[in-house]
Amino acid sequence: MQSKDIREAFLAFFESKKHKRLPSSSLIPSDKSVLLTIAGMLQFKPIFLGTDKAAYNRVTTCQKCVRVNDIEEVGKTTRHHTFFEMLGNFSFGDYFKEDAILFAWEFLTIKLKIKNEKLKIAVFKDDNEAFEIWNQKLGISKSEIYRLDEENNFWSAGPTGPCGPCSEIYYDFGMDKGCRKPDCAPGCDCERFLEIWNLVFIEFNRDEAGNLNPLPKKNIDTGMGLERITRVMQNAESNFDTDLFLPLIEAVLKLSRKNNSASVRVIADHCRAAAYLIADGVTPSNEERGYVLRRLIRRAVMHGKKLGIEAPFLWNIVSLVIAQGESFYPELRIQKDFIKSVILAEEKGFQTTLATGIELIEELFNKSEGKVISGVEVFKLHDTYGFPYELTQELAQKKGLKIDKKGFEVEMQKQRERARANVRIAKGGEGIVAKNETERAAMAAHHTATHLLHAALRQILGKHVFQSGSLVDPKHLRFDFSNPKAMTKKEIEQVEDLVNQKVRDNIEVDISEKSFDEAKKMGAMALFGEKYGERVRIIEINNFSIELCGGCHVRNTQEIKSFKIIKERAIAAGVRRIEAVTGKAAEEYIKHNLLEIEESKKKEEAKEKQKAEKKEKERGAQGLLEEATKVIQEIKGINVLAYQALNVDMKGLRVLGDAIKDKLQSGIILLASSEEQKCFFLVLVTDDLVKKGFKAGDLVKIMAKVCGGGGGGRPNKAEAGGRDPSKIEEAL
């Protein structure tokens with residue numbers, strides 16, 4: 001069976017058992033206790049806790065997940081991944097342990113036709129109920145049911161929250177695999193037993209103190225990794241030898257000059273994770289989930305270097321990930337160009353980082369005293385040059401050095417605190433104090449304008465555009481959005497014009513409350529990472545823009561008055577920022593701009609006038625050439641030209657002097673002029689006469705002295721000035 005067929009078979013099987021098939025949720029969870037979606041149950045956590053009501057009692061999903069807690073194991077083992085797909089079936093206060101176990105056994109042994117003897121069972125050591133179901137209902141021998149401790153068979157989504165004992169189903173690859181010890185059993189870390197399905201019986205809520213409190217209803221949460229069950233069904237040596245990974249591995253091997261299977265596996269794994277994270281709106285950064293993405297891309301680049309791949313390559317390999325998953329996860333297709341551009345930008349940026357960072361790290365290693373490297377210095381590498389802590393750590397380990405991790409984390413915390421202190425977050429008008437109602441109206445205008453801007457960007461640039469952040473206040477708005485490159489001047493004008501057209505159309509802003517499902521059917525835009533309850537507030541602007549939002553808005557678009565984009569720039573790889581103003585702020589900006597344009601125009605006109613005057617003088621100086629050459633004298637066999645030019649500055653004299661010298665070929669040229677009670681003198685001596693001992697500098701000093709000035713220069717050219725223009729004739 002192909003992986004896509006296994007996925008469909010699972011979902012269809014549970015549909016036949018009256019489960020509602022639901023789509024995967026985003027990798028950016030609404031649950032703030034975790035950075036990324038790490039399990040299929042995460043989107044149902046509020047239901048398990050009893051804070052939200054379930055729309056369906058039985059649900060089945062195939063959930064995208066990312067975990068990095070075992071990242072160092074990826075590539076080394078046959079089964080560890082950062083990105084994986086979790087097949088799951090859930091019960092919210094409906095069936096419990098018995099049905100969950102019977103469903104799982106039926107799917108594996110009847111639907112997939114896996115032989116009973118290849119499957120081994122584990123239960124939580126104190127869970128006699130589950131033990132009895134496996135033994136008495138399904139006839140599994142007591143010796144084939146293994147009781148494991150809390151570390152193995154008690155599951156939770158995090159340090160707090162829903163949890164409970166679990167029962168695991170393992171696939172046995174046989175005694176010739178793994179450690180080959182006689183007592184090898186499920187729970188052993190060797191490669192013989194592969195955990196393929198975990199049935200979690202969620203009946204407790206772990207509080208901050210670690211207490212297990214019974215939940216209002218008992219629930220079922222199961223998870224079976226698609227990668228693992230595909231390996232079993234395809235009789236593959238590892239997860240990486242299945243159709244989920246082989247196309248990626250083959251593509252990497254074609255580019256590599258070395259055959260390092262671990263590095264090839266890491267690249268294939270990390271490529272998948274990066275593609276899905278970016279498709280869900282994550283972009284590389286030095287914070288939180290953005291840092292997870294950056295770390296994955298950079299680790300893949302480093303493993304590429306181990307294979308001899310120097311040029312950016314991940315951005316191309318990721319096309320295979322998209323082609324493989326886009327039929328089930330359409331966001332991959334929609335975001336294809338964006339995904340590739342973000343990865344390419346990060347690869348290029350990291351190449352520069354590596355070139356600088358490696359040298360700095362070597363210096364740091366050399367000057368480090370003892371065996372421990374300063375956490376402060378490692379933070380500087382991370383913060384200033386974007387060099388990953390993990391990479392510095394790997395390089396340090398090769399040198400037999402350790403890093404002061406605690407010192408590094410202290411500096412990271414200081415940075416986060418500085419960032420929090422410097423960032424203003426405006427969400428739905430919170431934190432903004434309205435003054436007489438003017439500021440409130442301006443705030444509403446800017447807020448509604450962000451909705452129009454979002455819709456306009458998606459219409460002009462494409463459906464890959466999604467909001468990744470915003471700030472609104474009475475004076476301006478800031479809107480961050482996904483886009484692989486800078487907007488052109490034409491695109492900015494088109495977006496601005498489209499928003500202003502909607503403003504002029506005087507469209508009523510319709511605000512309503514509906515169920516979340518109704519809102520989705522309407523096509524309402526929801527923000528990644530935001531948590532929405534059963535009832536949501538919808539801001540609709542004549543089908544042009546439909547978004548979920550809790551902020552203050554204008555009643556109709558005409559209240560915005562006008563919209564002006566004042567800046568568009570990059571803030572991260574694949575993320576752009578627009579700053580704009582509306583209403584009075586836009587009018588003031590335009591007025592200020594017009595004044596600046598007018599002032600700039602006046603300055604430009606003045607410059608042009610000065611240029612014209614100078615050119616006129618230069619042309620005049622050129623015109624004096626014929627007149628000046630008429631006064632050439634021969635003194636002791638040497639051509640001498642002594643001439644006073646009227647209304648010519650020093651620049652004009654230089655033009656005239658060069659023209660005369662070109663025509664004269666051999667001689668001494670003495671020129672003078674005056675302007676605003678100042679004298680200008682220029683002496684030129686041709687090279688043949690310089691060789692005979694004549695020096696322009698000596699001659700110009702004589703003339704300047706007569707007019708109460710001075711000067712000098714080279715033997716072939718010298719300049720001087722004076723204070724008494726009435727004595728120019730005498731000087732000449």
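Here are some worked exercises on a predicted model, each with a task and a step-by-step solution.

**Exercise 1. Compare the end-to-end reach of helix α3 with its expected span, and find which of its residues are buried.**

Solution.
- Step 1: Begin with the extent of the helix. Helix α3 runs over residues 97–111, which makes 15 residues.
- Step 2: Take the expected value. At 1.5 Å a residue, 21 Å is expected.
- Step 3: Set the model beside it. From the first C-alpha of α3 to the last, the helix reaches 20 Å, close to that expectation.
- Step 4: Turn to burial, where the cut-off is under 20% relative accessible area. In α3 the buried residues are K97, A100, I101, F103, A104, W105, F107, L108 and T109.
- Step 5: Look just past the helix. K113, just after α3, has a positive phi of about 60°.

**Exercise 2. Do the same span check for helix α16, and say which residue just after α16 takes a positive phi.**

Solution.
- Step 1: Helix α16 covers residues 438–460, so its 23 residues should span 33 Å at 1.5 Å a residue.
- Step 2: In the model the end C-alpha atoms of α16 are 32 Å apart, which agrees with the expected span.
- Step 3: The residue to pick out just after α16 is G462, with a positive phi of about 135°.

**Exercise 3. Place the salt bridge between E8 and R21 in the fold, and decide whether each partner is buried, partly exposed or exposed.**

Solution.
- Step 1: Keep the general idea in mind: side chains of opposite charge can pair when their charged atoms come close.
- Step 2: Check the distance. The closest N and O atoms of E8 and R21 are 2.8 Å apart, and the cut-off for a salt bridge is 4 Å. This pair belongs to a structure that holds 33 salt bridges.
- Step 3: Locate the partners. E8 sits in helix α1 (residues 3–16) and R21 in strand β1 (residues 20–21), 13 residues apart, and the pair links distant parts of the chain.
- Step 4: Judge the accessibility. E8 has a relative accessible area of 38%, so E8 is partly exposed. R21 is at 26%, so R21 is partly exposed as well.

**Exercise 4. Work out which parts of the chain are tied together by the salt bridge of E203 with K97, and which network K97 and E203 belong to.**

Solution.
- Step 1: Start from the atoms: the closest N and O atoms of E203 and K97 are 4.0 Å apart.
- Step 2: Find the elements. Because E203 lies in strand β8 (residues 193–206) and K97 in helix α3, the pair ties together parts that are 106 residues apart in sequence.
- Step 3: Ask about cover. E203 and K97 are both buried.
- Step 4: For comparison, look at K305 and E310, a salt bridge with its closest N and O atoms 2.9 Å apart. K305 has a relative accessible area of 22% and is therefore partly exposed; E310, at 46%, is partly exposed too.
- Step 5: Finish with the network. Through salt bridges that share partners, K97, D127, E129 and E203 are joined into one network.

**Exercise 5. Locate K561 and Q677, give the phi of each, and classify their accessibility.**

Solution.
- Step 1: Read the backbone of K561. Its phi is positive, about 70°, although K561 is not a glycine.
- Step 2: Place K561 in the loop between β16 (545–548) and β17 (563–572).
- Step 3: With a relative accessible area of 59%, K561 is exposed, because the cut-off is over 50%.
- Step 4: Repeat for Q677. This residue, also not a glycine, has a positive phi of about 60° and lies in the loop between β21 (668–675) and β22 (678–685).
- Step 5: Q677 is at 63% relative accessibility, so Q677 counts as exposed.

**Exercise 6. Name the residues of one negative and one nonpolar surface patch, then place a residue from each.**

Solution.
- Step 1: D70, E73, D149, E151 and D189 form a negative surface patch.
- Step 2: D70 is in the loop between β2 (58–66) and β3 (83–92). At 34% relative accessibility, D70 is partly exposed.
- Step 3: The nonpolar patch consists of I590, L594 and I597, with about 280 Å² of accessible area together.
- Step 4: I590 belongs to helix α19 (residues 583–623). At 38% relative accessibility, I590 is partly exposed.

Conventions
Residues are numbered from 1 along each chain as its sequence is written. This is a predicted model: local features need pLDDT of at least 70, side-chain atom pairs count only at pLDDT 80 or more; totals for chains, interfaces and linings use all residues. Side-chain values use heavy atoms; hydrogens and water are left out. Patches are made of residues with over 30% relative accessible area and no salt bridge: like charges are joined within 9 Å, nonpolar side chains (Val, Leu, Ile, Met, Phe, Trp, Tyr) within 5 Å. Accessible areas come from the Shrake-Rupley method with a 1.4 Å probe; for residues, only the protein chains shown count as cover. A salt bridge is a side-chain nitrogen of Lys or Arg within 4 Å of a carboxyl oxygen of Asp or Glu. Lys and Arg count as positive and Asp and Glu as negative; His and the chain ends are not counted. The place of a charge is taken as NZ of Lys, CZ of Arg, CG of Asp or CD of Glu. Helices (H or I, at least four residues) and strands (E, at least two) are DSSP runs, numbered from the N terminus. Buried means under 20% relative accessible area, exposed over 50%, partly exposed in between (1.4 Å probe, protein chains only). The expected span of a helix is 1.5 Å times one less than its number of residues.
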